Amino acid sequence: MKITLIIIGVTLVLIAIVFIYYGGLSKVNCRIETQGGETLVFKDMIGDYAKSGKLSDEVYYALLNDYKIETFKGFGIYYDNPKEVEKDKLRSEIGCIVEQKDISKVSQIKGDLKTKTFPEKSYIVTEFPFKGKLSIILGIMKVYPSIEKFVKEKGYSNDGTVMEIYDVPNKKILYRKEIIEK
């Protein structure tokens with residue numbers, strides 16, 4: 001019996017450590033800020049948002065291997081609310097942000113990779129620690145309810161896109177919610 005209790009205790013402590021490490025206790029503070037202007041290289045995706053990681057890797061390696069463009073930030077622009085749209089109909093753009101030093105190479109990009117500049121304007125923004133895939137899951141669980149609460153408090157529409165930027169060097173996920181007046 002003691003061994004079982006010790007095993008349960010150790011397991012709970014390990015779960016707590018993992019939860020804390022990946023951002024489970026991080027506070028989410030939403031604010032309105034002017035951001036944007038990044039050069040994006042991406043592929044369109046229709047389907048379950050959970051599959052966006054694989055597509056992001058495809059874009060990353062295409063840029064690296066075919067165009068010699070190394071990127072350090074991935075992103076997803078999510079157009080539909082998964083609470084309202086069937087998984088197989090969810091629309092998104094998944095890819096990488098090109099650093100300023102590599103902007104001149106973007107004109108060479110062809111095939112199924114698309115490019116655009118993300119609009120610079122005011123967004124609802126917040127951040128969450130990025131320490132791995134579990135951070136993305138915890139971010140979804142903590143950030144989206146906070147954004148929804150902020151939207152409701154400010155009287156905005158809950159419609160509009162959300163962009164997630166996975167900033168690997170700075171170990172954070174930046175969330176940008178489009179502001180749409182009611």
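These legends walk through several close-up views of one predicted protein model.

The model is predicted, so local features are described only at pLDDT of at least 70 and side-chain atom pairs only at pLDDT 80 or more, while totals for chains, interfaces and linings use all residues. Residues are numbered from 1 along each chain as its sequence is written, and side-chain values use heavy atoms, with hydrogens and water left out.

**View 1. The whole protein, with its helices and strands.** Let us start with the overall plan. The protein has 3 helices and 8 strands; these are DSSP runs, numbered from the N terminus, with helices being H or I of at least four residues and strands being E of at least two. Along the sequence they come in the pattern α-β-β-α-β-β-β-β-α-β-β. Taken along the principal axes, the C-alpha atoms fill a box of roughly 65 × 45 × 30 Å. Of the 182 residues, 38% are buried, where buried means under 20% relative accessible area, exposed means over 50%, and partly exposed lies in between (1.4 Å probe, protein chains only). Among contacts with a separation of 6 or more, 75% join residues 24 or more positions apart; a contact here means heavy atoms within 4.5 Å.

**View 2. Helix α2 and its buried face.** Helix α2 covers residues 52-67, which makes 16 residues. From its first C-alpha to its last it reaches 22 Å, close to the 22 Å expected at 1.5 Å a residue; the expected span is 1.5 Å times one less than the number of residues. Which residues of α2 are buried? They are Ser 52, Leu 55, Ser 56, Val 59, Ala 62, Leu 63 and Tyr 67. Seen down the axis of α2, these buried residues fall within an arc of 125 degrees, so they line one face of the helix. The arc is that of the directions from the helix axis to the C-beta atoms. The buried residues of α2 pack against three strands: β2 (39-46), β3 (73-78) and β4 (91-98).

**View 3. Two lysines with positive phi.** Just after α2 comes Lys 68, in the loop between α2 and β3. Its phi is near 55 degrees, a positive value in a residue other than glycine. Lys 68 counts as exposed, at 58% relative accessibility. Now look at the loop between β7 and β8, where Lys 171 sits. Lys 171 is not a glycine, yet its phi is positive, about 50 degrees. With a relative accessible area of 54%, Lys 171 is exposed.

**View 4. The largest pocket.** Rolling a probe the size of a water molecule over the atoms shows where empty space is left. On a 1 Å grid over the protein atoms alone, a pocket is an open set of points with protein on both sides within 12 Å along at least five of seven lines, whereas a cavity is a set where a 1.4 Å probe fits but cannot get out; lining residues have an atom within 4 Å of a point. The largest pocket has a volume of about 1,300 Å³, that is, the space filled by probe spheres set on the points, which are joined across faces, edges and corners. Of its 46 lining residues, Ser 52, Tyr 78, Ile 136, Glu 164 and Tyr 166 are the closest to the centre. Two or more lining residues come from each of α2, β3, β4, α3 (133-154) and β7 (162-167). Which element gives the most to this lining? It is α3, with 8 residues.

**View 5. The second largest pocket.** This pocket holds about 200 Å³ of space. Its lining has 14 residues, and those closest to the centre are Glu 38, Lys 73, Ile 97, Glu 99 and Arg 176. The elements giving two or more residues to the lining are β4, β7 and β8 (172-178). With 3 residues, β8 gives the most.

**View 6. Ile 165 and its neighbours.** Is Ile 165, in strand β7, buried or exposed? At 4% relative accessibility, Ile 165 counts as buried. Leaving aside residues up to four places away in sequence, Ile 165 touches several residues, including Glu 38, Lys 73, Phe 75, Ile 97 and Arg 176. The C-alpha atoms of Ile 165 and Lys 68 are separated by 21 Å, and the two residues are 97 apart along the chain.
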